[in-house]
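Me: I'd like to go through this protein with you, one question at a time. Can you show me the sequence and the structure to start?

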Amino acid sequence: MNKNLKLTTRQIYIATLFNLLIILYIGCKYLKYTENISGFLSYFYMVASLIGHFFLICILPFLVSLIILYTFKSISICKIIFSVLSVAIIIYLQIDILVYSQFRYHLSPIVFKLLFGKRATDTFQFSAINILISIIFILGLVVCEIFILYISKKIANRIINLHIKLILSFITFCLLCTHLLFAWSDANRYRSIAQMKNIYPVFFPLTADKLLHKLNLVDKNEIEKNTLLSKSYSKAIIKYPLHPIKSQNSKKKNILFIVIDSWRFNCMTEKITPNIYQLSKQSQVFQNHKSGSNMTTGGIFSLFYAIPATYYDQFTGLQISPVFFEELKKQNYNLSILSSSTLENPPFNKNVFSGIKNLRLDSQGNSSSERDKDIYNEWIKFINMQSSNKKPFFSFLFFDSAHGFDYPADYPVKFKPTLNEVNYLVLNDTFDPLPFLNRYKNSLNYIDNLIGGILKKLEQKGLLESTLVVITGDHGQEFNDNHKGYWQHGGNFSDYQIATPLIIYDSAKKPASYTYLTLHYDIIPTIMSSILGVQNNYNDYSEGKDLYISGNRDWFICGYNQKYAIVENNMIINIYSSGMYDVVDKNLNPLDDSKIDLNIVKEAVKENTRFYNISKN
C-alpha cells in the first residue's frame, strides 16, 4: 500500500506540473495589461512572478489531494479531488481574465452575482453559441485532466529521478524574487513592477517600506524619476477626459474653496459655526449633500476630479491632474493650495495637486489647531499680495482641527461638558458621546473663527463680491449614532459618515436653499460650466450634474478602491477589497442580498470603468 501511495504522490506531482503549464498559459494573458515594461529587471520580474504566483495557485489541488490520500488512504478519491479542484481553478482563471479584460475587475462575489445570479441576463447576454462553447470547454478540461493523470502515471512509473528538489528550488527562487523585488519596487514607486499587484488575481505581495527606508534602500530621486516616466504612458490605460476640454471664459471670477476635515452634516448652525451660518444667509445652501467618500482620501479626490475614488490608484500612479486644475492654469489663475495636514499622506501631491508647481506640502505647527492657524496666516499673506495682481485667483484651504478634535489651550470653550482629551480605547457602545461631541463642536467653532477672519479680509479688500466661495467638508463624522459601535469615520457609508454641509456664496445669485440630493461630484462640473466657461458635456470628465437643477438620482458610488459602496435611497451595498460584499439599510441593519437591483450594479460597474481606455476588440 505504501508503494502505491508513493507512486500516486509522484503521479499527482507530475500532473501538477502539467497543470502549471496550462495555468501559466492563462497567466500570460494578464501580462498584456502591463504598462511601461522595459529593461532586464522588469522582464525578469514578469517571468519570475508569473511562475511563482501561478505556482501558488496551481499547488492547491496537489496539497488538498495529498491530505486526502494520506488521511483516507484512498487513491480514487485523491485523484477525483485533484481533478475537480484543478478544473475549478482553470475555469476560475479563464473567467477572471475574461472579466478583467472588459472591466479591469478580478472575480469577486459581486461579479459572480452579476454573472450567475438572478436576472444575470439583464447584465450579461449569453448567446446559445456562448453556452455551447462553455460546455465544450468544461468537458474538454475534464478530458484533459483524465489524460494528464494517465500520462503522469506512465511517467511516474518509468522515470525514477524527477528532479523534485531542483524544480522546487527554482520555484522558491522565483517566489523570493517576486516578493522581495515587489517590496523594493513598491517603496521606490517603480511602477513597471509595482503595477502587478492590481493585474494578477489574488495577488498579495510583500511590502516593507519602513524597513527599506531604514536600510537606506529607497532612492528619492529614483522615485521622482519613475513617477515622471509614468506620465508618458498614461493614455495607455486611462482616457480622461473622454474628449478635449473646450472653454470660453470672460468672467475671470475668483474661486475660494474652504474644506473642513470631518465636518458633520448637522453641525453648520448659528451656535457652532456662526460666521459660516451668517454667510449661508446670503448663499446657496445644499441641505442634502453627500461626499464621494467616508474618508479624506476619497473625499478630496471626488471633490476635485468629480469622479469616484475607485480610480484613485491608477490616477495616483500615473499622476493625472484633474481637468479643473488644468483649466485654471490654462485660464491663468493664481493658485494657492494650503493644507493643514500634509499633502503627502494621503499623497494628494501625486494626484489631485500633481500638476501644480512649487506645491506647499506641509504646514508649521505641533498640533492641528496650530497648523490651521498657519494656513490662515499664509492665506492672509497671499490675499494681501493678490490686491496688486490683476489675475484671478483660486485658493484651497483645508482645515484639520475638527479631525483632530483640537483647539488652542487658551481658546474659550463654548460647549460643555467636554473631554479634556480623547481616549479612543474607551469608546464603546456604553460611552456617553456628549462630551466627545462637544469637544468636536468646540474644534469646529475654532475653525469657524478662522474662516470668519478670511471672509472679513475678503470684504476689506473688496474681493468678496467677485469671489465664488465654496465651503464644505471632505466627509462626515459619527459618534455611534447608529449604535453599531462606529466612532469617527471610515467605517461605514451611512449619512453620519458621508453627509456634509455645502454652502456656495455667489453674489450673482439670490440666497436659496435646496433639499434634493447633491454630491461632491456636482461641484466642479457646475463651476467649470458657469464660471470657467467650459462647453463640454459633464460626462466627458465627471459623474456630476448641475447643482442648481433638481434631478432623479437613485444611487451613487461612495468610497475608494480599497472599500466602496453603491449607496441607494434605501440601502447600501458595501463592496470590500477582498471582493466580499454585504447589503444594509441606511441605519446599517443587514438586508437580504436578494434586494439588490442588478441593473443599478450594472450601471455602477460601467461608471467605475468609464475612464479606462478599454479596447472595443
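Me: How far apart do the C-alpha centres of domain 1 and domain 2 lie?

Reply: Quick heads-up: this is a predicted model, where local features need pLDDT of at least 70, side-chain atom pairs count only at pLDDT 80 or more, and totals for chains, interfaces and linings use all residues. Residues are numbered from 1 along each chain as its sequence is written, and side-chain values use heavy atoms, with hydrogens and water left out. The bounds come from an automatic or database domain assignment, which gives domain 1 as 3-218 and domain 2 as 237-557. Between their C-alpha centres, the distance is 45 Å.

Me: Which helix gives the largest share of the largest nonpolar core?

Reply: A nonpolar core is a set of buried Ala, Val, Leu, Ile, Met, Phe, Trp, Tyr and Cys residues joined through side-chain atoms within 4.5 Å, and buried means under 20% relative accessible area, exposed over 50%, partly exposed in between (1.4 Å probe, protein chains only). The largest one has 55 residues. Helices (H or I, at least four residues) and strands (E, at least two) are DSSP runs, numbered from the N terminus. The largest share, 5 residues, comes from helix 12.

Me: Is C267 buried or exposed?

Reply: A disulfide is a pair of cysteine sulfur atoms within 2.5 Å, and C267 is in none, as the nearest cysteine sulfur, that of C558, is 18 Å away. Its relative accessible area is 2%, so C267 is buried.
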